[in-house]
Amino acid sequence: MKFDYLLVGSGLFTAVVANLLMKQGKKCLVIERRQHIGGNCYTEFQENIEVHMYGAHIFRTSNKKVWNYVNEFAEFNNFINTPMAKYKNELYNLPFNMNTFHQMWGIFTPEEARSIIDRQKSEVVGIPKNLEEKAISLVGRDIYEKLIKGYTEKQWGRNCSNLPESIIRRIPVRFTYNNNYFNDEYQGIPKSGYTAMLLSMLNGAEIILGVDFNKDREKYIAMANATVYTGAIDELFDYSEGALEYRSLRFETSVVDCSNVQGVAVMNFTEREVPYTRRIEHKHFKFGQQPKSVITYEYPVEWKLGDEPYYPINDVKNNSVYHKYLDKTKSLRNFYIGGRLGEYKYYDMQDTIISAMKMVDKIINDRFNNLK
């Protein structure tokens with residue numbers, strides 16, 4: 001049986017593309033290297049708690065088309081992300097808002113907060129030369145030292161003074177007491193879980209798990225009229241231009257005999273001396289009342305070939321290598337490359353869906369033009 005489309009990978013990008021193609025009456029085969037579908041959105045239940053196995057995933061968007069689309073496959077709860085940050089023995093609300101400023105300086109009014117931040121920002125003169133100077137120029141030294149510096153240095157494995165200022169384009173600062181981390185109109189967690197949502201999206205596709213496309217490409221390509229590839233673009237070309245670089249993550253998850261460990265879903269740890277960046281208490285994503293809890297510590301680690309890639313290092317060197325691979329894709333026929341690994345971009349979930357929708361539009365347009 002020949003398929004219309006082979007889709008390599010089973011994450012959110014693939015789920016959207018496959019679903020929209022199946023709505024066009026196309027037969028889709030999905031192959032996945034891991035032993036489960038869902039990519040990094042994959043969740044499973046422990047102690048009747050939905051556990052985000054590859055880091056916290058909070059759906060949010062202001063795009064009505066995207067929101068309506070995901071609601072075809074899941075009902076969302078009204079979870080609002082209100083993370084906390086721990087620095088030594090101090091706790092701060094995130095994002096940086098009037099609660100943060102009161103906790104840091106004991107002030108009460110926006111005018112007082114602006115005055116302190118503006119005074120501290122002024123120590124950076126001229127164009128910021130690195131991430132440290134950029135951050136101080138946006139929020140001042142106190143916030144930088146306590147809430148940005150250590151966390152960022154752990155995340156990237158480098159001193160802020162040695163990181164490019166482009167990593168921080170802006171830092172959200174609110175002069176209100178609003179603890180909602182996101183500004184998006186719609187936000188929540190699927191009540192049935194992300195894995196169930198993705199399975200619903202992939203309903204009708206044939207799915208094969210534990211299959212490595214890059215070990216037998218010709219065999220799998222021959223099974224369909226066209227291929228949608230969401231794996232690493234450098235791996236597709238056998239790293240002929242060198243391996244693209246990433247930062248990776250290590251997760252330590254455990255069941256705790258306690259009904260409430262930290263009182264919030266996400267707790268950031270901003271001291272560099274603390275080896276992990278975040279602790280996730282999964283039950284709070286769904287307001288759980290279970291007698292036990294499941295927590296995950298998130299450790300940033302140096303990436304090496306063979307490790308799971310999470311955050312692309314989009315510096316000049318890596319972007320140059322990526323564009324060499326992108327040029328190579330022009331010789332491929334009936335072959336589409338997308339997703340965070342294929343495009344070497346950091347995507348949140350709404351960006352992933354938008355990109356996948358655009359790919360389907362291109363696929364349909366290409367097919368239409370070929371029929372002329």
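The disulfide count for this predicted model comes to 0. Cys28 is in no disulfide, and its nearest cysteine sulfur, on Cys41, sits 19 Å away. That rules out a pairing, because a disulfide here needs two cysteine sulfur atoms within 2.5 Å. Beyond the cysteines, there's a parallel neighbourhood around strand β1, an open mixed sheet of 7 strands and a nonpolar surface patch to look at.

**Cysteines**
- As a reminder, a disulfide is a covalent bond between the sulfur atoms of two cysteines.
- Cys28 counts as buried because its relative accessible area is 2%, under the 20% cut-off.
- Cys160 is buried too, with a relative accessible area of 0%.

**Around strand β1**
- Strand β1 covers residues 3-8 and is mostly tucked away, with 5 of its 6 residues buried.
- With strand β10 (residues 224-229), β1 runs parallel, and 5 bridges join the two.
- Within that pairing, Leu6 faces Thr227 of β10.
- Strand β2 (residues 28-32) also pairs with β1 in the parallel sense, this time over 4 bridges.
- Here Val8 is the residue standing opposite Ile31 in β2.
- Put helix α1 (residues 12-23) between β1 and β2 and you've got a β-α-β unit, which is right-handed.

**The open sheet**
- Another piece of the fold is an open sheet of 7 strands with mixed pairing, and reading across it gives β7-β6-β12-β13-β14-β11-β15.
- Its edges are β7 (90-93) and β15 (311-312), each of which pairs on one side only.
- Inside the sheet, strand β13 (residues 278-281) and strand β14 (residues 293-302) run antiparallel, joined by 4 bridges.
- Arg279 has Tyr297 of β14 as its bridge partner.
- If you're thinking about which way side chains point, in a regular strand they alternate between the two faces of the sheet.

**Nonpolar surface patch**
- Leu199, Ile207 and Leu209 make up a nonpolar patch on the surface, and together they have about 220 Å² of accessible area.
- Ile207 belongs to strand β9, which spans residues 206-209.
- Why does Ile207 count as partly exposed? Its relative accessible area is 31%, so it falls between the 20% limit for buried and the 50% limit for exposed.
- That 31% for Ile207 also clears the bar for a patch member, because patches take residues with over 30% relative accessible area.

Technical notes:
Residues numbered from 1 in each chain as written. Predicted model: local features only at pLDDT ≥ 70, side-chain atom pairs only at ≥ 80, totals over all residues. Heavy atoms only, no water. Patch = residues over 30% accessible without salt bridge, like charges linked within 9 Å, V, L, I, M, F, W, Y side chains within 5 Å. Areas by Shrake-Rupley, 256 points an atom, 1.4 Å probe, with all protein chains shown as cover. Salt bridge = Lys/Arg side-chain N within 4 Å of Asp/Glu carboxyl O. Buried < 20%, exposed > 50% of the residue type's maximum accessible area, 1.4 Å probe, protein only. Pairing = 2+ DSSP bridges. Right-handed = clockwise from strand over helix to strand, strands pointing away.
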